[in-house]
Amino acid sequence: MPTKEAATERSPAEESSERLPARETWQALYRHFRPHRGAVALGALFTLIGAATGVAQPLAAMTLVDRLGDDESIAGILLLLTALVVLGTAIESVGAYILERTAESVVLAARRTLIGRLLRLRLTEVERTQPGDLMSRVTSDTTLLRVVTTQSVVSAVSGALTFAATIVLMGLMDPVLLGVTIGVIVLIGGAVSLVMPKIAQATRRSQEAVGLISTALERALGAFRTLKASGAEGREAAAVQEAAREAWRHGVRSAKWQSVAWSSVGLAVQVSFLAVLGIGGARVASGAISVSTLVGFLLFLFYLIDPVSRMVEAASHYQVGSAAVARIVQAERLETEPTAEPMTDVARESARGAAGPASVVFDEVTFRYRDDLPHVHHGVSFEVPGPGMTAFVGPSGAGKTTVFGLVERFYEATGGRVLVDGEDVRRWPLAELRAAIGYVEQDAPVLAGTLRENLLFAAPDATEAEVRDVLVRARLDGLVERLPEGLETVVGHRGSKLSGGERQRVAIARALLRKPRLLLLDEATSQLDAVNELALRDVITEISREVTVLVVAHRLSTVTTADRIVVMDAGKVRAVGTHTELVASDRLYGELAATQFLAASR
Ligand SMILES: Nc1ncnc2c1ncn2[C@@H]1O[C@H](COP(=O)(O)OP(=O)(O)OP(=O)(O)O)[C@@H](O)[C@H]1O
């Protein structure tokens, strides 16, 4: 089922239905081939030597036939033929191994580049794509590069060379028969060239469908409980199966055209054989050529199957590869975040920790998530000097979480300025900015893996003592003690084996372990029981004496003690003050407080 984004935007999957111009396809394929050209050349050399021994075989066979006619011994020539076969096979198999190995290296390099880029993508780019489709580009499309950048290059080159050599030898034997052969091959070759673009098109569609399978599966498995609770297994399975069927349909279409191309090679040779047999027979009868020449020519003709098939194969692999490379190029073109930015003085000082708790200033910030969407922030301004706790409250959709997204520079303000430590976040090196911040997202994501991996995720160098300390502070020590495997307990996909409250505490512990100068908590304690919530509130209050803490809260009871409360409504700041001040001065806050305290007293 299409999501809101999918309905309004062009995903890379949709873009990939457009073909990459031929020149760009060549360039992209060459980029993948270039680092391995040495290995491919070596593989090609072995293949060529192997093929050369193959070319020598008909010559040896001709000599054998002549000797048979002259009643001479054939033992020597038989030995030579056997040696040629064994040597040719051995050399060719070494060449094949080198090429296969190189092919794997091409795939590895393409995957590494893609993975490196994907994890550095801008959030906006990820939001407008389908993760499943991106995954299939890394896993499935890259595998289609393996053949085209190695085996096909060699096949094309060695095929063309052996084809030329064979044609020359055939021409020397009998130009008339060669003319007949070439005539048939050109006719059938012309037909094959019409088929080639169909292979590319079918492959492209098939790969797009593979992307859809991943997307549909990711959607279903990512919300597995909801899927089951909604009784949607059948419908979702049908959607995935439909995508699988689509992949099959186009895969079969590609296979059909490929088999048409390949069987045309056989057809060309068979037809040539019949033509050569007919015309050659007449020429033998008229004494124009000898029997051995005709036999040799016919052997060469069958030998021609190999180079011609190689060239056809290379051409059809090129079509498959060009479809895959177009999808890879589209993924590579998605915008990434900057990595190496120069450090400004303020950033450098802050990074050293010299600046203590961070300050945050929003100066007339305007923001919208996409150009086609309305603004979410309409001139948001507030100042948060560190340390202390500042709470953001207001109706759902007011733009509170968006404040955090802009501080982390997940998104860039469309107008105004966001300052951290007095420095515009756009002038901060991203890594340094984020190193100063601990962030607990609204739905407290926990990653698959162990509890320890989750805690160390944001601070891989934390010591055991620091981990233990944070466990106590986040009230997780009891849980860890209860679990037979303690910190090594596997928490399941997105922490599905933990309770909602436990997930939140893990997320808080993870953020604390980072020792941030600025802590962003988005509804971080909403799922905790009263006792744990109170305890963690105390911990956070204590932390806020040294660190700047920003919290988004729906339950006002959790933020009444905040040093400062920013009331947001419809993308604007309507008031800033303490709880007591706001109850007296701001109507919206007063209403929120009244409703919530009423609710609490029921
Ligand atoms: N990634 C996004 N892409 C497009 N629109 C978004 C995105 N995230 C949020 N929005 C929209 O921006 C507006 C503000 O969202 P935001 O999450 O900042 O609100 P909030 O005040 O934190 O709400 P809540 O209290 O419900 O969490 C909402 O209308 C929301 O639909």
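This report walks through a predicted model, from its UniProt annotations to its strands, cores and ligand surroundings.

## The annotated helical part

Let's begin with what the UniProt record says. In an unreviewed entry, UniProt places the feature "domain: ABC transmembrane type-1" at residues 41-319. In the model, this stretch is 90% helix and 0% strand, and its end C-alpha atoms are 22 Å apart.

The unreviewed entry in UniProt also lists "transmembrane region" at residues 39-62, 74-99, 144-170, 176-196, 259-279 and 285-305. Two of these spans are described here. Residues 74-99 are 96% helix and 0% strand, with end C-alpha atoms 37 Å apart. Residues 144-170 are 96% helix and 0% strand, and their end C-alpha atoms lie 36 Å apart.

## A stop at P35

P35 sits in the loop that links helix 3 (22-33) and helix 4 (37-69). Since P35 has 13 C-beta neighbours inside 10 Å, this residue counts as partly exposed. From P35 to A237 there are 202 residues in sequence, and the C-alpha atoms of the two are 42 Å apart in space.

## Strand 3 and its parallel partners

Further along the chain we meet strand 3 (residues 388-393). Of its 6 residues, 5 are buried, so strand 3 is largely enclosed by the rest of the structure.

Strand 3 is joined by 5 bridges to strand 8 (residues 548-552), and the two run parallel. Within this pairing, F392 faces V552 of strand 8 as its opposite residue. Strand 3 is also joined to strand 9 (residues 564-569), here by 4 bridges and again in parallel. In that pairing, V393 stands opposite V567 of strand 9.

## An open antiparallel sheet

Another group of strands is worth finding in the structure. Here 4 strands make an open sheet in the order 2-1-4-5, with antiparallel pairing. Strand 2 (377-384) and strand 5 (423-424) are at the edges with a single partner strand each, so each has one side without a neighbour in the sheet.

Inside this order, strand 1 (residues 360-367) and strand 4 (residues 415-420) run antiparallel and are joined by 5 bridges. One pair to look for is T366 with its bridge partner G415 in strand 4.

## Two nonpolar cores

The largest nonpolar core has 70 residues. Those with the most contacts inside this core are A391, V393, V407, I508, A509, L520 and V551. Helix 20 (residues 500-513) gives the most to the core, with 7 residues. A second, separate core has 54 residues, including V147, V265, V308 and V325.

What does A391 touch beyond its neighbours within four places in sequence? A391 is in contact with V551, A553, V559, A562 and I565.

## Around the ligand

Which residues surround the ligand? They are E127, Y369, L373, V376, S396, G397, A398, G399, K400, T401, T402 and V552. V552 has appeared above as the residue opposite F392. By class, this shell has 5 nonpolar, 5 polar and 2 charged residues. Helix 15 (residues 400-407) provides the largest share of the shell, 3 residues.

Definitions and conventions. Residues are numbered from 1 along each chain as its sequence is written. This is a predicted model: local features need pLDDT of at least 70, side-chain atom pairs count only at pLDDT 80 or more; totals for chains, interfaces and linings use all residues. A residue is near a molecule or strand if its C-beta atom, placed from the backbone, lies within 6 Å of it. Ala, Val, Leu, Ile, Met, Phe, Trp, Tyr, Cys and Pro count as nonpolar, Asp, Glu, Lys and Arg as charged, and the others, Gly among them, as polar. A residue is buried if 20 or more other C-beta atoms lie within 10 Å of its own, exposed if 12 or fewer, and partly exposed in between; C-beta atoms are placed from the backbone. Two strands pair if DSSP finds at least two bridges between them. A nonpolar core is a set of buried Ala, Val, Leu, Ile, Met, Phe, Trp, Tyr and Cys residues joined through C-beta atoms within 7 Å. Two residues are in contact if their C-beta atoms, placed from the backbone, lie within 7 Å. UniProt positions are given in the numbering used here, feature names are shortened, and annotations may be inferred rather than shown by experiment.
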